Amino acid sequence: MNLMKTNSYFRTISLFFFVLLAGCKKQKNYPSDTTDGRGTFGVTINNEQVLPCVPFFGSGGAIKTNSFQVSPTYFYIGVSARNSCDKKYTFGRYILVAFDSIQIIENTTYKFGNGFNFKRGQIRCIYSEDLNDYASDSTLPGTIIVRRFDPVSRIISTSFDAVVKEENTGKLVTLTQGKFDLKY
């Protein structure tokens, strides 16, 4: 009987660790062009679609927002998405889009600014892959279209494309078909 309890205990612990390691909280589909705050994010990185994903018992969520109103018309909104479920990457991938103290206007196209230069009045895009950071640069292609911005309902929906650069090596990464539809 003692052996039976030990086997049952071992199976329970094994199942727990399997779920811990294999389980993943992942957005199931690439997002469509919605504007009602559905909580979606997607981007194509070097021709591979990437969706937010964190391990089932991982800390925090796959998509996070941070915001504050700088003045009656200027906002800071940071949107980040991470994918730490893809086994090709030891430390995962992470994308940040930050509207830094700007006036956000619906149906407006903005050029990405310098991502490594944290100055106000610009939008920047930063991509991290296994702890290597790539950032937008005003000299590289990259725009974001704000399809909906509703400060009352606190919804922001965008689509974006960018080329981001690693500061030390100059290596480029292409982000296309990026979009998010979030409540902030």
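# Briefing: buried charges, aromatic pairs and a cavity in a predicted model

R124 and D100 are both buried. In this predicted model, the two residues form a salt bridge whose closest N and O atoms lie 3.0 Å apart. R124 belongs to strand β9 and D100 to strand β7, so the bridge ties together parts of the chain that are 24 residues apart in sequence. The protein chain contains 1 helix and 13 strands, and 43% of its 184 residues are buried.

**Overall organisation**

- Along the sequence, the elements of the protein chain follow the pattern α-β-β-β-β-β-β-β-β-β-β-β-β-β.
- Strands discussed below include β2 (40-45), β6 (75-83) and β7 (93-102), as well as β12 (155-166) and β13 (172-183).

**Salt bridges**

- The structure holds 8 salt bridges, one of them being the pair of R124 and D100 described above.
- Side chains of opposite charge can pair when their charged atoms come close.
- K165 forms a salt bridge with D137, with 3.6 Å between the closest N and O atoms.
- This pair links distant parts of the chain, since K165 lies in strand β12 and D137 in the loop between β10 and β11 (142-150), 28 residues apart.
- The two partners differ in their burial class: K165 counts as partly exposed at 28% relative accessibility, whereas D137 is buried at 17%.
- D150 and R148 also meet through their side chains in a salt bridge, at 2.9 Å from N to O.
- D150 has a relative accessible area of 17% and is therefore buried, the limit for that class being under 20%.
- A network of salt bridges links E48, D86, K88 and R93.

**Aromatic pairs**

- There are 8 aromatic pairs in the structure.
- The ring centres of Y127 and Y134 are 5.9 Å apart and the ring planes stand at 35°, so this pair is tilted.
- Both tyrosines fall in the buried class: Y127 has 0% relative accessibility and Y134 has 3%.
- F160 and F180 form another tilted pair, at 6.2 Å centre to centre and with 55° between the planes.
- F160 is placed in strand β12 and F180 in strand β13, so their contact ties together parts that are 20 residues apart in sequence.
- F160 is buried at 2% relative accessibility, and F180 is buried at 1%.
- Ring pairs join F160 and F180 with F41 and F112 into a cluster.
- F160 is also 8.1 Å from L175, C-alpha to C-alpha, with the two positions 15 residues apart in sequence numbering.

**Internal cavity**

- The model has 1 cavity of 30 Å³ or more.
- The largest cavity holds about 60 Å³ of space.
- Its lining consists of F41, V43, I45, V50, L51, P52, A81, R82, N83, R93, Y94 and I95.
- Strands β2, β6 and β7 each give two or more residues to this lining.
- Two of the lining residues appear under other topics: F41 lines the cavity and belongs to the aromatic cluster, while R93 lines the cavity and takes part in the salt-bridge network with E48, D86 and K88.

**Backbone at the β9–β10 loop**

- D130 has a positive phi of about 50° although it is not a glycine.
- D130 lies in the loop between β9 (122-129) and β10 (132-135).
- D130 has a relative accessible area of 24%, which places this residue in the partly exposed class.
- L131 likewise has a positive phi, of about 70°, and is not a glycine.
- L131 is found in the loop between β9 and β10.
- With a relative accessible area of 59%, L131 is exposed, the limit for that class being over 50%.

**Nonpolar surface patch**

- F68, V70 and Y74 make a nonpolar patch of about 250 Å² on the surface.
- F68 is located in strand β5 (residues 63-69).
- F68 is partly exposed, with a relative accessible area of 42%; by contrast, F160 and F180 of the aromatic cluster are buried.

Methods:
Residues numbered from 1 in each chain as written. Predicted model: local features only at pLDDT ≥ 70, side-chain atom pairs only at ≥ 80, totals over all residues. Heavy atoms only, no water. Patch = residues over 30% accessible without salt bridge, like charges linked within 9 Å, V, L, I, M, F, W, Y side chains within 5 Å. Areas by Shrake-Rupley, 256 points an atom, 1.4 Å probe, with all protein chains shown as cover. Salt bridge = Lys/Arg side-chain N within 4 Å of Asp/Glu carboxyl O. Helix = DSSP H or I, 4+ residues; strand = E, 2+ residues; numbered from the N terminus. Buried < 20%, exposed > 50% of the residue type's maximum accessible area, 1.4 Å probe, protein only. Phe/Tyr/Trp six-rings, centres within 6.5 Å; stacked < 30°, edge-to-face > 60°. 1 Å grid on protein atoms, 1.4 Å probe; cavity = no way out; pocket = protein on both sides within 12 Å on 5 of 7 lines; lining within 4 Å. Points joined across faces, edges and corners; volume = space filled by probe spheres on them.
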